[in-house]
Amino acid sequence: DVPTIELSTGTLIPQLGLGVWQADDADTEHAVGYAIGEAGYRHIDTAAAYGNEAAVGRGIAGSGVDRSDVFVTTKLWNADHGRDRTHAALDASLARLGLDHVDLYLIHWPLQNRERMIETWGAMAELRDTGKALSIGVSNFEPHHLDAIIDATGVVPAVNQIELHPRLAQRELRDYCKSRGIAVEAWSPLGGSGAGWGTDSSPNTLLTDPTLTRIGERYGRSAAQVMIRWHLQNGVIAIPKSVHDKRIAQNIDVLDFELGADDLAAIAELDTGTRVGAHPDELNLGARE
Ligand code: A2P
């Protein structure tokens, strides 16, 4: 079975899930149904901004697995900050998903407008109290964003989902989250699709990286599988995206081998700090409000 991590709320989250960013409705419904129904996934990560929540809901419903056995995450989009909008946005996401609650609701990106971001975080805490979101967290938060919402509300996010892969190992941010009891989730855990988020696109070169490929060969595994092992062994929650059955199955077939200290040291050399998405402080979100 996929290992789990205990969130500060006491909830267990499967350390490996399926991501669906940039997957259209047909691909999403199929991928989610296959991942849960055939490949053994029990964790799906979507977002209002991905435009495919309804397809995720159909995929879960058609999987043959009980909804209560699946960990479902969605995210609050940037235009929906503020107390009332946050409440309405989760209701809209739940309606699209066809669910009465999500397991985890995340603020998708921080805002430069601190006051508004804090107001949103307060509303997220209300949503947790209603049971519409069993756990709440954030995405793309730097330590100063985390400090701001925690200091203002006393509510610590259960997770911070950040860009994280061998070229952006995020050691400092991971250490910071650990010190606060915040679990870390990796987006673009395989180095992304080649289409950047809020930045220029750059092709994925990690999936064919010679170091990762060489390590994989020793275990009869792909570079993708080596990266997923790396996340798991780092205590990180990874949500690799694929819409292809073979890759979806391959990405969860990582539970019967272990990277050695020499492998981890070689992977550490790949950390050039290179992002495939925008730096949260450079996106300037909220400036247009
Ligand atoms: P596809 O859906 O066509 O399979 P991320 O790092 O954001 O999870 O992105 C992973 C990217 O790599 C996706 O574009 C996905 O495309 C592709 N991918 C996912 N799993 C594998 C794999 N095991 N081998 C090769 N490519 C993969």
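A quick definition to start: a β-α-β crossover is right-handed if, with the strands pointing away from you, the path from the first strand over the helix to the second runs clockwise. Keep in mind that the model here is predicted.

Q: Which helix sits between β6 and β7 in the right-handed β-α-β unit?
A: Start with the two strands: β6 (residues 102–107) and β7 run parallel and are joined by five bridges. One spot to look at is Leu104, which stands opposite Ser135 in β7. The helix that completes this right-handed unit covers residues 114–130, and its name is α4.

Q: Through which helix does the chain cross from β7 to β8?
A: β7 also runs parallel to β8 (residues 159–163), with two bridges between them. Along that pairing, Val138 stands opposite Asn160 in β8. The β-α-β crossover from β7 to β8 is right-handed, and it passes through residues 143–153, which are helix α5.

Q: How many of the seven residues of strand β7 are buried?
A: To count as buried, a residue needs 20 or more other C-beta atoms within 10 Å of its own. Strand β7 spans residues 133–139, and it is largely enclosed by the rest of the structure because so many of its residues pass; the count is six.

Q: Which strands stand at the edges of the sheet?
A: Eight strands make up an open sheet with parallel pairing, in the order β3-β4-β5-β6-β7-β8-β9-β10. An edge strand here has a single partner, so one side of it is left without a neighbour in the sheet; the strands in that spot are β3 and β10.

Q: Which residue in β5 does Asp45 stand opposite?
A: Strand β4 takes in residues 43–45, and it pairs with β5 (residues 71–76) in the parallel sense over three bridges. Look across from Asp45 into β5 and you'll find Thr73.

Q: Is Arg42 buried or exposed?
A: Arg42 lies in the loop between α1 and β4. Leaving out residues up to four places away in sequence, Arg42 touches Val2, Pro14, Ile36, Asp69, Val70 and Phe71. Arg42 has 20 C-beta neighbours inside 10 Å, and the cut-off is 20 or more, so Arg42 counts as buried.

Q: How many C-beta neighbours does Ile13 have inside 10 Å?
A: Ile13 lies in strand β2 (residues 12–14). Not counting residues up to four places away, its contacts include Thr4, His43, Ala183 and Ile237. Ile13 counts as buried because its number of C-beta neighbours inside that distance is 24.

Q: What are the buried residues of helix α9?
A: The buried residues of α9 pack against β3 (18–19), α1 (25–39) and α8 (223–233). Seen down the helix axis, they fall within an arc of 95°, so they line one face of α9. In this helix, which runs over residues 245–252, they are Ile248, Asn251 and Ile252.

Q: Which helix gives the most to the largest nonpolar core?
A: That core has 78 residues, and those with the most contacts inside it are Leu18, Val32, Tyr105 and Met227. Leu18, for one, is in contact with Val32 and Ile248, among others. The top contributor gives seven residues, and it's α8.

Q: What is the radius of gyration of the chain?
A: The chain has 10 helices and 10 strands. For 289 residues the globule rule gives 19 Å, and the chain comes close to that, so it is as compact as a globular protein of that length; its own value is 18 Å.

Methods:
Residues are numbered from 1 along each chain as its sequence is written. This is a predicted model: local features need pLDDT of at least 70, side-chain atom pairs count only at pLDDT 80 or more; totals for chains, interfaces and linings use all residues. A residue is buried if 20 or more other C-beta atoms lie within 10 Å of its own, exposed if 12 or fewer, and partly exposed in between; C-beta atoms are placed from the backbone. Helices (H or I, at least four residues) and strands (E, at least two) are DSSP runs, numbered from the N terminus. The arc is that of the directions from the helix axis to the C-beta atoms. Two residues are in contact if their C-beta atoms, placed from the backbone, lie within 7 Å. A nonpolar core is a set of buried Ala, Val, Leu, Ile, Met, Phe, Trp, Tyr and Cys residues joined through C-beta atoms within 7 Å. Two strands pair if DSSP finds at least two bridges between them. The radius of gyration is taken over C-alpha atoms; the globule rule is 2.2 Å times the number of residues to the power 0.38.
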